[in-house]
Amino acid sequence: MANWLKSLMGGICIITILLHLLPEGKFTKYVKFYAGLLFCLMVLKPVLNFFAGDGKFERLLSLELLKEKYYELETSIEGIEELKNHEIMEAYRAELTRQIQELGNSYQIEISEIDTYFDEKDEYQLKGIELSVKEGTEDTKIEELKKEISQLYLVERKDILVTKGRRKG
């Protein structure tokens, strides 16, 4: 920047001296015109170097484009991870429901509805289960099923709610 200012001041001095040394006449307007062009080029030299000079502008531009693509990729990866985690959770819940249905079948209990509830902090930790069983199912079989579910999935028996018939709601 300091060199550019020195060149600019030196150019102004040379142009001024040249204009004073020339006699008044028809060449003066041409000298002023070309001196003005030269002065404009001197003023614009840093801008021209920036755009076409040593390639810094192109490197900066490509670097910014690469950063933008990287951030887009990072965002995409986060979205994919969220989607993947959501799909894993849905598959986990579906498998859990299937296993509970199978347990009910092994006790000859017809289960019509199964709802599972999970811990807010640990989304894979089962906190409670609600089951709807067929009207007329024996209480002893229900208690055995609750005991089995409690032991298998580490859910307290009080958090396993079994209703006979369809639940309302």
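Guide: A residue counts as exposed when its relative accessible area is over 50%, as buried when that area is under 20%, and as partly exposed in between. Keep in mind from the start that the structure above is a predicted model.

Visitor: How should I apply that to Gln108, and is Gln108 buried or exposed?

Guide: Gln108 counts as exposed because its relative accessibility is 60%. As for its place in the chain, Gln108 belongs to the loop between H3 and strand E1, the latter covering residues 111-118. The backbone deserves a look here as well, since Gln108 has a positive phi of about 55° although it is not a glycine.

Visitor: Where is Leu154 found, and what is its phi?

Guide: Leu154 sits in the loop between helix H4 (139-153) and strand E3 (160-164), and this residue, not a glycine, has a positive phi of about 55°. With a relative accessibility of 70%, Leu154 counts as exposed.

Visitor: Let me turn to charged side chains. How many salt bridges are there in the whole structure?

Guide: The general idea is that side chains of opposite charge can pair when their charged atoms come close. A search of the whole structure finds 7 salt bridges. One of them joins the side chains of Glu95 and Arg98, with an N to O distance of 2.6 Å.

Visitor: Why are Glu95 and Arg98 separated by about one helical turn?

Guide: They are separated by about one helical turn because they are 3 residues apart in helix H3. Both are partly exposed, Glu95 with a relative accessible area of 31% and Arg98 at 41% relative accessibility. The pairing also extends to a further residue, for Glu95, Arg98 and Glu102 are linked in a network of salt bridges.

Visitor: Which residue forms a salt bridge with Asp139, and how should I read that pair along the chain?

Guide: The partner of Asp139 is Lys164, and the closest N and O atoms of the two are 2.8 Å apart. This pair links distant parts of the chain, as Asp139 lies in helix H4 and Lys164 in strand E3, 25 residues apart. Lys164 is partly exposed, its relative accessible area being 35%.

Visitor: What does the salt bridge between Lys146 and Glu143 look like?

Guide: Their side chains meet at 4.0 Å, N to O, and both residues lie in helix H4, 3 residues apart, which is about one turn of the helix. The accessibilities are worth setting side by side: Lys146 is buried, with a relative accessible area of 15%, whereas Glu143 is partly exposed, with 37%.

Visitor: Which residues form a negative surface patch?

Guide: The patch is formed by Glu74, Glu78, Glu81 and Glu82. Glu81 is found in helix H3, which runs over residues 56-106, and it counts as partly exposed at 47% relative accessibility.

Visitor: And which residues make the nonpolar surface patch?

Guide: Phe27, Tyr30, Phe33, Tyr34 and Leu37 make that patch, of about 600 Å². Phe27 is placed in the loop between helix H1 (2-21) and helix H2 (28-53), and counts as exposed at 57% relative accessibility.

Visitor: Before any work with cysteines I would look for disulfides. How many does a search of the whole structure find?

Guide: A disulfide is a covalent bond between the sulfur atoms of two cysteines. The search of the whole structure finds 0 disulfides. Cys13 is in none, and the nearest cysteine sulfur, that of Cys40, is 17 Å away.

Visitor: Why can the sulfur of Cys40 not be in a bond with that of Cys13?

Guide: The sulfur of Cys40 is too far for a bond, because its closest cysteine sulfur, in Cys13, is 17 Å from it, whereas a disulfide needs the two sulfur atoms within 2.5 Å. Both cysteines are partly exposed, Cys13 at 45% relative accessibility and Cys40 with a relative accessible area of 43%.

Visitor: One last feature: what separates the C-alpha atoms of Glu113 and Ser132?

Guide: Here one sets the separation along the chain beside the distance in space: Glu113 and Ser132 are 19 residues apart along the chain, and their C-alpha atoms are separated by 5.0 Å. Glu113 is found in strand E1, and at 25% relative accessibility it counts as partly exposed.

Key. Residues numbered from 1 in each chain as written. Predicted model: local features only at pLDDT ≥ 70, side-chain atom pairs only at ≥ 80, totals over all residues. Heavy atoms only, no water. Patch = residues over 30% accessible without salt bridge, like charges linked within 9 Å, V, L, I, M, F, W, Y side chains within 5 Å. Areas by Shrake-Rupley, 256 points an atom, 1.4 Å probe, with all protein chains shown as cover. Lys, Arg positive; Asp, Glu negative; His and termini not counted. Charge placed at Lys NZ, Arg CZ, Asp CG, Glu CD. Helix = DSSP H or I, 4+ residues; strand = E, 2+ residues; numbered from the N terminus. Buried < 20%, exposed > 50% of the residue type's maximum accessible area, 1.4 Å probe, protein only.
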